[in-house]
Amino acid sequence: MANREQGEATSLYYSCMMVIGVQRMQIALLADLITERRRRRRRYMENLILKTNLLLHFANAPQRSRRKVWMKSRSKVFWERDVLTLFDDEDWKTNFRMTRKSFHKLCGIMEGVMKPAEVTVRAPIPLEMRVAIVLYKLASCAEHRVVANQFGVHSSTVKKMVYQFCDGMVTSALEHFIKVPTTEEAIGIATRFEQKFNIPQIIGCIDGTHIPVLPPSDGHKDFVNRKGWPSYVLQGVVDDMHRFWSISCKMPGSAHDDNVLRQSTLFSQAHQLPKEPREINGVSIGHFLLGDPAYPLMDWIMKGYTHSPNITPEQESFNVYLSSARTTVEIAFERLKSRWRVLMKRSDFHYSFTPKVIATCCALHNFCENEKEVVNPNWSGEAATLASNPPQPSVRVNNHADDTNGQRIRAALTDYLSANFPLRRP
């Protein structure tokens, strides 16, 4: 009896343990199921948040506008109708500073630089129109946008044409227009100077003028001249026919004229200039330049005597003769700026490119002078008005000691003029 009760108790015990084991397994399975459901829900929410953020990002991103047309339709009436068919020579000179004949000659000279490419996506701009755009810009100093509207092109095209023309002029054609005279040419220049102004052996007059520039933020003070505005100094040497045969336009406005001279190619190669000495009053005198008081007195640069109570009538007369001859360079600068108004205002060119624009204008000035293109008096009047604002800095006297040979030559020239021509007073 006891054994049977013990067996029943044992069976009951094992049954209970099995039930407990099954319940534990069910609880564990239920826990795993709940954990998996939570994991799936967390992944679902993370994916949902990610998709929502992506949708919000693309919804707020700026939409790229679709191009409506490949190229805007621009009017070329000014060039195709007015310039090519209606303009007479006076209209050509007003807009391009030269007659149609001279214009086509210039196009032939610059063809290698400005000729359009043979294969282009769009119809290429003709060579003549390219040159006309550049001349119109240089003559008017209008903004790129204004020139573009006038010719029916994009403003970037105007800028590209100007940069291409000036780069080509400096690298390829500048020596064709501006070059040191040969010995034979120097003799001819000196002869004509003497016939006009009685002073022998002059082959050029040297002077400087300030050209407005848009200066860099770094080094701005170097460009500010004595009148308080930023500029480049253009040093030019001209012959008796108002043509430049030497230029330098790399020094900023704060530089003294003497320093501009010493940093120029003219100074470093002065020994190569034509000499052809001539004996005057017992002194051998070679060819020389005339300068103002800002330049040093040397055997190849003459300047007047310093005004003082002790100056003699002969010395004063020499100064008057010299000043009269030096009007040649003043007239050359006046014509240069009258033709190419871009030199009168602070233009929209980068400061590092401005010297090329200045050199190009000097070359075009020589081209116009060679082609006998007369400057319209109205241009000179307008240029004179613009020249007063901003005003040109005054001359700073050179304080270096005069060269001994220069003094000896100047004294001989003074005696020659006083002995052969009437004394003149200011």
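Ile203, Leu273, Pro274, Lys275, His287, Phe288, Leu289 and Trp300 line the second largest cavity, a space of about 30 Å³. By class, this lining has 6 nonpolar, 1 polar and 1 charged residues. Please keep in mind, as you look around, that the model is predicted.

**The two cavities**

How many cavities of 30 Å³ or more does a search of the whole structure find? The search returns 2. The largest cavity has a volume of about 40 Å³. Its lining is made up of Ile211, Pro212, Val342, Leu343, Lys345, Ser347, Phe349, Thr354, Val357 and Ile358. Two elements, β1 (202-212) and α14 (354-370), each give two or more residues to that lining. Which of the elements supplies the largest share of the lining of the largest cavity? That is α14, with 3 residues. Sorted by class, the lining of the largest cavity holds 7 nonpolar residues, 2 polar ones and 1 charged one.

Here are the two cavities side by side, in case you would like to set up a grid of your own.

| Cavity | Volume | Lining by class |
|---|---|---|
| Largest cavity | about 40 Å³ | 7 nonpolar residues, 2 polar residues, 1 charged residue |
| Second largest cavity | about 30 Å³ | 6 nonpolar residues, 1 polar residue, 1 charged residue |

**Strand β1 and its partners**

Strand β1 is a good place to go next, since β1 (202-212) is among the elements lining the largest cavity. Is β1 mostly covered or mostly open? It is mostly covered, with 10 of its 11 residues buried.

β1 pairs with strand β2 (residues 231-238) through 8 bridges, and these two run antiparallel. Within that pairing, Pro212 has Ser231 of β2 as its bridge partner. Pro212 also appears in the lining of the largest cavity.

β1 is joined as well to strand β6 (residues 288-290), this time by 3 bridges and in a parallel arrangement. One residue pair to look up here is Cys205, which stands opposite Leu290 in β6. Phe288 and Leu289 are among the residues lining the second largest cavity, and β6 spans residues 288-290.

**The annotated domain**

An unreviewed UniProt entry carries the annotation "domain: DDE Tnp4" for residues 206-366. Over residues 206-366 the chain is 34% helix and 22% strand. The C-alpha atoms at the two ends of that stretch are 16 Å apart.

Definitions and conventions: Residues are numbered from 1 along each chain as its sequence is written. This is a predicted model: local features need pLDDT of at least 70, side-chain atom pairs count only at pLDDT 80 or more; totals for chains, interfaces and linings use all residues. Side-chain values use heavy atoms; hydrogens and water are left out. UniProt positions are given in the numbering used here, feature names are shortened, and annotations may be inferred rather than shown by experiment. Helices (H or I, at least four residues) and strands (E, at least two) are DSSP runs, numbered from the N terminus. On a 1 Å grid over the protein atoms alone, a cavity is a set of points where a 1.4 Å probe fits but cannot get out, and a pocket is an open set with protein on both sides within 12 Å along at least five of seven lines; lining residues have an atom within 4 Å of a point. Grid points are joined across faces, edges and corners, and a volume is the space filled by probe spheres set on the points. Ala, Val, Leu, Ile, Met, Phe, Trp, Tyr, Cys and Pro count as nonpolar, Asp, Glu, Lys and Arg as charged, and the others, Gly among them, as polar. Buried means under 20% relative accessible area, exposed over 50%, partly exposed in between (1.4 Å probe, protein chains only). Two strands pair if DSSP finds at least two bridges between them.
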